[in-house]
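Let's take a friendly look at how a protein sits beside DNA. Keep the model open and follow along as each part comes up.

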Amino acid sequence: MALNEGACRFGLWWVHVAWADDVVHRVRFAKTGEEGAVPPVVRRYIAGQRVDPASLQSTAAADHAPFAAIYRAVREVGYGSTATYGAIAAQAGTSPRVVGTAMKRNPTPLVIPCHRIVARDGIGGFTPDIGIKRALLRMEAGERRIFSR
DNA sequence: CAGTGTTCAGGAT
DNA sequence: ATCCTGAACACTG
């Protein structure tokens, strides 16, 4: 199957996805977009259903050894739960700061659920907007009003 | 070399 | 208890 591209609305943001079959090449958050095709599991996840986009595959870190172990560990934290940068670092055999850098450069958020990685005390960061991370976590926690609060 | 989506220990308030 | 520092951590550009 050829490379697909499409976007889906998520609150004030748009989720742009580029994928082929069930391997996702890129996920990107932007303030603009236009309704289009995205993988079904992504659309349902964004709509608040309890499905996990981490069930898809990602091209991330295919040949990037240091980050590969980190991304693998991150994918193991399931829907609705979280892990700290430190815990992921311990599991991947690296340091918490490297985990932070790996999360920032994550080419496929949602598929590699970097929003589930939080600071020891606090939420940690998120690019391009911390509000997205908050919304996702609230959504996975089962809250219905996930925006602006 | 400086800079990270961190964390920890130490010390002062 | 909270609020500073300073330092170590393992990469990246």
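## A helix with two sides

Helix H4 (96–104) has a face turned away from its buried side, and this face carries the exposed residues Arg97 and Lys104. Here exposed means over 50% relative accessible area, buried under 20%, and partly exposed in between, with a 1.4 Å probe and protein chains only. Helices (H or I, at least four residues) and strands (E, at least two) are DSSP runs, numbered from the N terminus.

This is a predicted model, in which local features need pLDDT of at least 70, side-chain atom pairs count only at pLDDT 80 or more, and totals for chains, interfaces and linings use all residues. Residues are numbered from 1 along each chain as its sequence is written, chains are lettered from A and ligands numbered from 1 in the order in which they are written, and side-chain values use heavy atoms, leaving out hydrogens and water.

Which residues of H4 are buried? They are Val99, Ala102 and Met103. These residues lie on the same side of H4 because they cover an arc of only 100 degrees around the axis, the arc being that of the directions from the helix axis to the C-beta atoms. Their cover includes H2, helix H3 (85–92) and strand E6 (117–118).

## Beside DNA strand B

Around DNA strand B there are 17 residues, and the closest are Tyr85, Arg97, Met103, Lys104 and Arg120. A residue counts as near if one of its heavy atoms lies within 4 Å of the strand. Of the atoms of DNA strand B within 4 Å of the protein, 43% belong to sugar and phosphate. H4 gives the largest share of this surface, six residues.

## Beside DNA strand C

DNA strand C is surrounded by His64, Pro66, Phe67, Thr94, Ser95, Arg97, Val98 and Arg105. Among its atoms within 4 Å of the protein, 64% belong to sugar or phosphate, and the rest to bases. Helix H2 (65–75) and H4 each supply at least two residues of the surface near this strand.

## Polar contacts with the DNA

A polar contact is a pair of N or O atoms within 3.5 Å. The table lists contacts made by side chains.

| Residue | DNA atom | Distance |
|---|---|---|
| Tyr85 | base nitrogen, strand B | 2.8 Å |
| Lys104 | phosphate oxygen, strand B | 2.8 Å |
| Thr127 | base nitrogen, strand B | 3.4 Å |
| His64 | phosphate oxygen, strand C | 2.9 Å |
| Thr94 | sugar or linking oxygen, strand C | 3.5 Å |
| Arg105 | sugar or linking oxygen, strand C | 3.3 Å |

Conventions. A polar contact is a pair of N or O atoms within 3.5 Å; within protein, one must be able to donate a hydrogen and the other to accept it, and residues adjacent in sequence count only if both atoms are side-chain atoms. Contact means heavy atoms within 4.5 Å.
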